[in-house]
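Please open the model in your viewer and keep the sequence panel beside it, so that each selection can be followed in both places.

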Amino acid sequence: MRPRHATVVVLTALVAGSITTLPAAAAPKEPGNPPVTAQHSLRTAVTDENFYFVMADRFQNGSTANDDGGLGANPSVSGFDPSRKGYYNGGDLQGLLQELDYIQGMGTTSIWLTPSFKNRAVQPEDNSAGYHGYWITDFTQIDPHLGSNEDLKALIDAAHQRGMKVYFDIITNHTADVIAYDAGERAPYVSKDEVPYRDAEGNAFDDRDYAGTDTFPELDPATSFPYVPVVPEADKDLKVPAWLNDTTLYHNRGDTTFAGEDSFYGDFFGLDDLATENPRVVDGMIDIYKTWIADFGVDGFRIDTMKHVNDEFWQAFGPEVLTYAQEQGKDEFFMFGEVFDTTKSFTSQFTTRNRMQSVLDFPFQAAARGYASQGAPASDLETFFAGDDWYTDADSNAYSLPTFLGNHDMGRIGGFIAADNPGAAEDELLARDTLAHELMYFSRGNPVIYYGDEQGFTGPGGDQDARQTLFASQVGEYLDDDLLGTDATHATDNFDTTHPLYRGIATLADVTAEHPALRDGAHQHRYASDGPGIYAFSRTDATDQREYVVALNNSTEPKTAAIPTYAGKRSFGLVYGDAAKRVRSAADGTLSVTVPALSSVVYELSGKIPNSKAAPAISLQQPAPAAEDNGRMRVAADVAGSSFYEVTFEARTPGSGWTNIGTDDNAPYSVYHDTSALPAGSAVEYRAVVLDNARHTRTSTTAPATVPQPRLTMGLPAEGTQVQGDVEVTATASPENSDYAVTLERSIAGGDWAAIGTDDSSPTYTAVDDLAALDLAEGTQVQYRAVLGTSVSDVRTVTVGSLVDQPGTVAVAGSLDSELGCGNDWDPACDEAQMTFDDATQTWVLEVADLPAGSYEYKAALDRSWTENYGADGAFDGANIALTHPGGPVTFVYDHRSKVIGTR
């Protein structure tokens, strides 16, 4: 086993890229207080890639010899049926090799492949095949439907000869569905509180106590899990490497609902969920992916389902794999994870706390769709980019995030635009699609083109409905699609290099290659309309010092704005768009720019921005725990002046030296320092230094802060509900720590608080309150809270009772409403989304016979409006509930007693 530690030393940075250090000290040296080192904002090796994300089975059929994967003609065995969207359609690695000219022709610098390892060809329970690559049985072999290991090596070598990289989509969370349970093929989830893990001797334990260490209890498959894992005799040695056939290396708790504890431990629609807390799994996965780096020269990994794996796994996996790749000469090796969430305070945890290099920018996708397709206010983009500071630490920041507009799970940008703008003319749809790509290419991050988007592919939804073939299709559902910007259909090959979107993307790649500051220069907000209209920002390279002004307009009318710049009375020349060829800034530096409807323009400053005469004054605001993440300290600096500045932040604890915690190059200047591994009550001291564009520096005075107590948040019961019998009471802690033991308490009718249980099983702390034993009268008020040391959670107030005043109607309102037959998504008044009340169960039910496969979000909306709605955990106006659906029937159930809506 490899030595590792259970906690991360927060003030020590793993450097994943180069940092330029200036030779000048930033302040006079004082005893015990060495000068701050002024630094440029970090740019890792990967801030200027143009990714092409491709599903090999759906791109090009280079060889019909491998169509059935050597399994014969029967589709139920081979999984090959080119007339069905859920089966292998015939694309392969040889097809990709044949079309490298096409791929590179739009400016692609990196090819990202969906998982290509050998899959279980068909899973009968899903009535689908493993064409997508997420049902892996052999992690050492390319899926025979796609070719061979030699084909992959040939593709990578050919791409490298062209100066392109190849990225693999990898999985560490699960394997194919091979393990069944004694209770049935796909059983419901059983929590750790209900049935804890037991070692081979029968002793209960919490697996989180061992995560991140070199030890783990010995387990017995017959007694250690809530279900006994069962593997058919024919499949006992199916998985490769052989260690994957050990059933004690899986969680064995039943299917996930994608929420709470089971989002880490549950099976994804039966897929065998690996026990990533176990060091054998950690070591095994590291060894698997080291081999692909050493033997095939893979340039990086996109990592699937990252948020469903425990933090300690990533804290070990990321640094070790990165170090190994760099030892193999892969200085630009790059890993980014899939964290399907639009909250930056959460997605950024994986690049800061969990020490991974980057994550897919799901928040960008939502913001870009809102602006380009849905006519959202330009100020929404201002707010969005202001949140980039969540990603800034010593070894990573937002400039390395892969940005995208749609994907194989959620759907295509063309489909979103068509759905968001019903009845719009073809020219408008194409203009909005182009605008979305302009925003993606000109703003910070690494743009990702999802294959087929360059040909105007649309589709009615996500998952299988967004996985059309570029070669001629035989799938009836695909043949019905309307493509943007062309009269072509899916009945013919679609490798048209004259398509307006293909040409537009190629132009964007050319412009950003000619003007590299548009790829990795500092992204500084400049202007945003209150409503639809102009959003403007500048991009400035810290060394070249030439400002570019980017202005986009999502209005259907031309708009003009006075945009601030760093340079007054200076000339700016047009480098992109349909606008005046040259404009001049006013004395105050504002630049009057007119942007055509649904378009973008880019101007370049003639010469460098003026040198700063002296470093500006800098002072720290009082550091404080972030409201969104109690394990992060917001450290912000106020900087006087209006030139191009970069601010480096440092931190130290008593007895330690100053450590860099990140450099911010766009105002307002801040970082969110991760203090989650420091004990509550620890003292931390902060300081900052500003670097101007003439290399002058000035240092702030220091500012003290104290690491806060963990924040406890109640989960169940939902506020205002009626309860009886056994009441499940849950809470979570932020930041989470496996050493916590949380006490759940109850108060009756305003009386004293009494403990109902203490739980040390993270991440969800649970107790069950037996109200029946108390013989409380109907209408009695009961309150619940959680306590950990001096930390006390919010209070949940419920009422004892069996009768509930039911609402008039309840709707499943969400992104799936259009699939239900509604005119729009998120429509609480839509008839097709209304549920039916079941007197027998006192619940509301909506049975959907065939919901298309895809990733959705939804809530319960009462009385055909949003006035009263309930989200995750039954919270009033709470968070959206995520649903990843494989396709087919699904039943939604809402209980007004708990206010909880879910599926069964």
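Begin by selecting helix H12, where 12 of the 17 residues are buried, so that this helix is largely enclosed by the rest of the structure. Here "buried" means under 20% relative accessible area, "exposed" means over 50%, and "partly exposed" covers what lies in between, with a 1.4 Å probe and protein chains only. Helices (H or I, at least four residues) and strands (E, at least two) are DSSP runs, numbered from the N terminus. This is a predicted model, in which local features need pLDDT of at least 70 and side-chain atom pairs count only at pLDDT 80 or more, while totals for chains, interfaces and linings use all residues. Residues are numbered from 1 along each chain as its sequence is written, and side-chain values use heavy atoms, with hydrogens and water left out.

Staying with H12, select residues 426-442 and follow the helix from its first C-alpha to its last, a reach of 24 Å, which is close to the 24 Å expected at 1.5 Å a residue; the expected span is 1.5 Å times one less than the number of residues. Among the buried residues of H12 you can colour Leu429, Leu430, Arg432, Asp433, His437 and Phe442.

Next, select helix H9, residues 362-372, where 10 of the 11 residues are buried, so this helix too is largely enclosed by the rest of the structure. The buried residues include Phe362, Pro363, Arg369 and Tyr371. Which atom does a side-chain oxygen of aspartate 361 reach at the start of H9? Show both residues as sticks, and you will find that this oxygen comes to within 3.1 Å of the backbone nitrogen of phenylalanine 364.

Now move to the loops, beginning with glutamine 545, which is found between strand E20 (534-540) and strand E21 (547-553). Glutamine 545 has a positive phi of about 65° although it is not a glycine, and at 6% relative accessibility it counts as buried.

Tryptophan 826, in the loop between helix H16 (817-820) and strand E46 (836-838), also has a positive phi, near 55°, in a residue other than glycine. At 30% relative accessibility, tryptophan 826 counts as partly exposed.

Finish with two prolines. Proline 717 lies in the loop between strand E36 (711-714) and strand E37 (722-723), and a cis peptide bond, with omega about 0°, joins leucine 716 to it. Proline 735 lies in the loop between strand E38 (726-734) and strand E39 (742-748), and a cis peptide bond with omega about -5° joins serine 734 and proline 735.

Terms used: Polar contact = N/O pair within 3.5 Å; in protein donor to acceptor, adjacent residues only side chain to side chain.
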